[in-house]
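Q: Please take a close look at a single part of this model and then follow its connections outward, step by step, into the rest of the chain. I would like one connected account, with the salt bridges included.

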Amino acid sequence: TEELRVALDAAHGSARRDPLTELANRRAFDEAYAALKPDVAAFVAVCDVDHFKRINDEFGHAVGDRVLKTIGHTLATECEGHLVARLGGEEFAILFTGVTLAEALDMVERARAAVAGRRLRLRSTDAFIGTITLSAGIAGILAKEGQESGMARADAALYAAKNDGRNRVKIAPKSGV
């Protein structure tokens, strides 16, 4: 019975982890978002790797996977203590609680700068992959607001960052706090 319980716990955990980056996956993110208490200030950031298709097209999917792992690790390091999830493809999300908007913005900015500052090279030839950047949008999660609405505002801010030249972070209107 104990072995079965341990195996079940392991399966439960792996069902909430992205196998590539070992970050939380969309299921874990959705559960954490749904569990937020309306009286606690919270923010969501949606991050997307700029021009990621170029990496896969020029260097192959194995290199693209290593880039995603590196970015995931950078986000987790710079946003330590907050839930960082890979939503899919080259899109990540961060759920911030117990911080101000300025603190959440600072963490995402540090992560963005750290990613842009990396000089990634191919293992086989030491060739420079090129500068990798990410764009992000942050939204305050409003009391009694559904996940779809909060994510849509963060997504709109992300697209504003991309439209303004990429490699930047934008704050959604009504992010308050």
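**Strand β4 and its surroundings**

A: β4 and strand β5 (residues 169-171) run parallel to each other and are joined by three bridges. One pair in this register is Ala136 with its bridge partner in β5, Val169. The model is a predicted one, and what follows should be read with that in mind. Between the two strands comes a helix: β4, helix α6 (residues 147-163) and β5 together make a β-α-β unit, and this unit is left-handed.

A second strand pairs with β4. Strand β1 (residues 42-49) runs antiparallel to β4, and the two share seven bridges. Two of the residue pairs help to fix the alignment: Val49 has Leu134 as its bridge partner in β4, and Ala45 has Ile138.

How many of the residues of strand β4 (residues 134-140) are buried? Seven of the seven are, so this strand is largely enclosed by the rest of the structure. Buried here means a relative accessible area under 20%. The side chains divide between two directions: Leu134, Ala136, Ile138 and Gly140 point one way from β4, while Ser135, Gly137 and Ala139 point the other way, and the residues of both sets are buried.

Beyond these pairings, β4 belongs to an open sheet of five strands, ordered β2-β3-β1-β4-β5, in which the pairing is mixed. The edges of this sheet are β2 and β5, each of which pairs on one side only, and from one strand to the next the twist averages 20°.

On the other side of β1 lies strand β3 (residues 91-97): β1 and β3 run antiparallel and are joined by seven bridges, with Thr97 in β3 as the bridge partner of Ala42. β3 is mostly covered as well, since six of its seven residues are buried. Next comes β2, which runs antiparallel to β3 and is joined to it by five bridges, among whose residue pairs is Ala85 with Ala93. β2 and β3 form a hairpin with two residues between them, and Gly89, in the turn, has a positive phi of about 50°.

The helix of the β-α-β unit has a packing partner of its own. Two packed helices are described by the angle between their axes and the distance between the axes. For α2 and α6 the angle is about 115° and the axes are 10 Å apart; the two helices are therefore roughly perpendicular to each other. The crossing in which α2 passes α6 is right-handed.

The account now turns to charged side chains. Side chains of opposite charge can pair when their charged atoms come close. With a cut-off of 4 Å between a side-chain nitrogen of Lys or Arg and a carboxyl oxygen of Asp or Glu, the count for the model is ten salt bridges.

One of them involves α2: Arg16 forms a salt bridge with Glu31, with 2.7 Å between the closest N and O atoms. Arg16 sits in the loop between α1 (2-14) and α2 (26-34), whereas Glu31 is in helix α2, so the pair ties together parts that are 15 residues apart in sequence. Glu31 is partly exposed, with a relative accessibility of 37%.

Another reaches the sheet at β2, where Arg86 forms a salt bridge with Asp18, the closest N and O atoms being 3.1 Å apart. This pair links distant parts of the chain, with Arg86 in strand β2 (residues 83-88) and Asp18 in the loop between α1 and α2, 68 residues apart. Are the two partners buried or exposed? Arg86 is buried, at a relative accessible area of 13%, and Asp18 is likewise counted as buried, at 10%.

A further pair lies within one helix: Asp106 forms a salt bridge with Arg110, and their closest N and O atoms are 2.6 Å apart. Because they are four residues apart in helix α5 (residues 101-117), about one helical turn separates Asp106 from Arg110. Both count as partly exposed, Asp106 at 39% relative accessibility and Arg110 at 38%.

Finally, salt bridges also form a network, in which Asp48, Asp50 and Lys162 are linked.

Technical notes
Residues numbered from 1 in each chain as written. Predicted model: local features only at pLDDT ≥ 70, side-chain atom pairs only at ≥ 80, totals over all residues. Heavy atoms only, no water. Buried < 20%, exposed > 50% of the residue type's maximum accessible area, 1.4 Å probe, protein only. Pairing = 2+ DSSP bridges. Right-handed = clockwise from strand over helix to strand, strands pointing away. Axes fitted to C-alpha atoms, helices over the stretch in contact; angles between N-to-C directions. Parallel < 35°, antiparallel > 145°, perpendicular 65-115°, else oblique. Left-handed = near helix turned anticlockwise from the far one by under 90°.
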